[in-house]
Amino acid sequence: MCNLYQMLSTQHEIRDIARVLLDRTGNLQPLEGIYPNTMAPVVRNTPEGRELIMARWGMPTPPSLLRGRTDRGVTNIRNTKSPWWHRWEGVEHRCLVPLTAFSEPERLPDGSSRPVWFERQDGVPLAFFAGMWCRWTSIRKLADGETTDDLFGFLTTTANKEVAAIHPKAMPVILTTPEELDTWMNAPAEEALQLQSPLVDGSLTRK
């Protein structure tokens with residue numbers, strides 16, 4: 001699963017393409033490596049319009065899967081038919097997660113692994129994961145104790161040809177057109193979830 005990605009575009013580019021009206025990220029710097037349980041920019045709906053904020057990567061873990069007191073979160077969401085995820089499928093909990101490249105681990109003959117990076121084939125740097133967000137109280141790190149955070153994760157689907165060569169099981173749901181962004185952010189859940197499909201073969205190249 002995708003547990004590492006980059007976001008190297010400017011916040012101006014994110015605001016322009018995602019039609020953001022409110023930017024609460026301050027001076028957003030390029031992010032070379034975004035890992036689970038770290039902060040990253042997301043675009044979400046508010047009554048005042050789309051808002052760009054920083055949130056923590058990793059949605060709440062279903063209680064049946066928790067081990068111990070800490071919850072580092074679920075980064076990738078595949079089974080959207082689960083009641084656990086169904087509660088966050090409405091437009092008020094959908095978000096766009098900007099990226100310029102994402103990584104999948106390649107297993108090497110000696111048993112180790114290395115990251116393989118993928119980016120858009122068409123040369124356009126910016127794309128968006130189809131994400132969900134929520135505000136949740138939990139213990140993310142024992143040292144911090146209980147905190148309330150804005151959390152996000154993004155949908156996965158079957159892998160296309162390029163990703164399957166490295167990680168055959170799944171790839172993130174990636175949105176690249178204004179129409180897809182608007183559908184994900186505005187459409188009823190049944191229509192929006194039709195976007196949970198892989199990019200067409202040939203859409204990605206190795207970085």
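The legends below accompany several close-up views of one predicted model.

**View 1. The whole chain, with its helices, strands and overall dimensions.**
In this predicted model, the chain contains 5 helices and 14 strands. Measured out along its principal axes, the C-alpha trace spans about 40 × 40 × 35 Å. A compact globule with 207 residues would have a radius of gyration near 17 Å, and the chain, with 16 Å, agrees with that expectation. Buried residues account for 50% of the 207 residues, while the accessible surface of the chain comes to about 10200 Å², with 52% of this area belonging to carbon and sulfur atoms. Among the contacts between residues at least 6 apart in sequence, 67% join residues that are at least 24 apart.

**View 2. The largest nonpolar core and the surroundings of F129.**
The largest nonpolar core holds 56 residues, and those with the most contacts inside it are Y5, L96, F102, F129, F152 and W184. Strand β10, which covers residues 127-139, gives the most to this core, contributing 7 residues. If the neighbours within four places in sequence are set aside, F129 is in contact with C2, Y5, C95, L96, V97, L99, F102, F154, P172, V173 and I174.

**View 3. The open sheet of 5 strands.**
Followed from one edge to the other, the strands of this open sheet come in the order β3-β1-β8-β9-β14, and their pairing is antiparallel. The edges are formed by β3 (31-34) and β14 (204-206), each of which has a single partner strand, so one side of each is left without a neighbour in the sheet. On average, neighbouring strands of this sheet are turned by 30° against each other, when direction is ignored. As a general point, the strands of a sheet pair through backbone hydrogen bonds, in either a parallel or an antiparallel way. Within this sheet, strand β8 (residues 101-107) and strand β9 (residues 113-120) run antiparallel and are joined by 6 bridges. In this pair of strands, F102 stands opposite F118 of β9.

**View 4. Strand β7 between its partner strands β4 and β10.**
Strand β7 spans residues 94-99 and is mostly covered, with 6 of its 6 residues buried. Both of its faces are covered, since R94, L96 and P98 on one side and C95, V97 and L99 on the other are all buried. One partner of β7 is strand β4 (residues 39-46), which runs antiparallel to β7 and is joined to it by 2 bridges. Another pairing, also in the antiparallel sense, links β7 and β10 over 6 bridges. The residue C95 can be followed in both pairings, for C95 is the bridge partner of R44 in β7, and the bridge partner of C95 in β10 is G131.

**View 5. V97 and the residues around it.**
V97 lies in strand β7 and has a relative accessible area of 0%, so this residue counts as buried, the limit being under 20%. Not counting residues up to four places away in sequence, V97 touches Y5, P41, V42, A127, F128, F129, G131 and F152. The C-alpha atoms of V97 and I14 are separated by 9.7 Å, although these two residues are 83 residues apart along the chain.

**View 6. Strand β4 and the hairpin that leads to β5.**
In β4, 6 of the 8 residues are buried, so this strand is largely enclosed by the rest of the structure. A hairpin of 2 residues joins β4 to β5. The two strands, β4 and β5 (residues 49-57), pair in the antiparallel sense over 8 bridges. In this pairing, T46 stands opposite G49 of β5.

**View 7. S138 in strand β10.**
S138 is found in strand β10, where this residue is buried, with a relative accessible area of 9%. Leaving aside neighbours within four places in sequence, S138 is in contact with G145, E146 and T147.

Notes. Residues are numbered from 1 along each chain as its sequence is written. This is a predicted model: local features need pLDDT of at least 70, side-chain atom pairs count only at pLDDT 80 or more; totals for chains, interfaces and linings use all residues. Side-chain values use heavy atoms; hydrogens and water are left out. A nonpolar core is a set of buried Ala, Val, Leu, Ile, Met, Phe, Trp, Tyr and Cys residues joined through side-chain atoms within 4.5 Å. Buried means under 20% relative accessible area, exposed over 50%, partly exposed in between (1.4 Å probe, protein chains only). Helices (H or I, at least four residues) and strands (E, at least two) are DSSP runs, numbered from the N terminus. Contact means heavy atoms within 4.5 Å. Two strands pair if DSSP finds at least two bridges between them. Axes are lines fitted to C-alpha atoms, for helices over the stretch in contact, and angles run from 0 to 180 degrees between N-to-C directions. The radius of gyration is taken over C-alpha atoms; the globule rule is 2.2 Å times the number of residues to the power 0.38. Accessible areas come from the Shrake-Rupley method with a 1.4 Å probe; for residues, only the protein chains shown count as cover.
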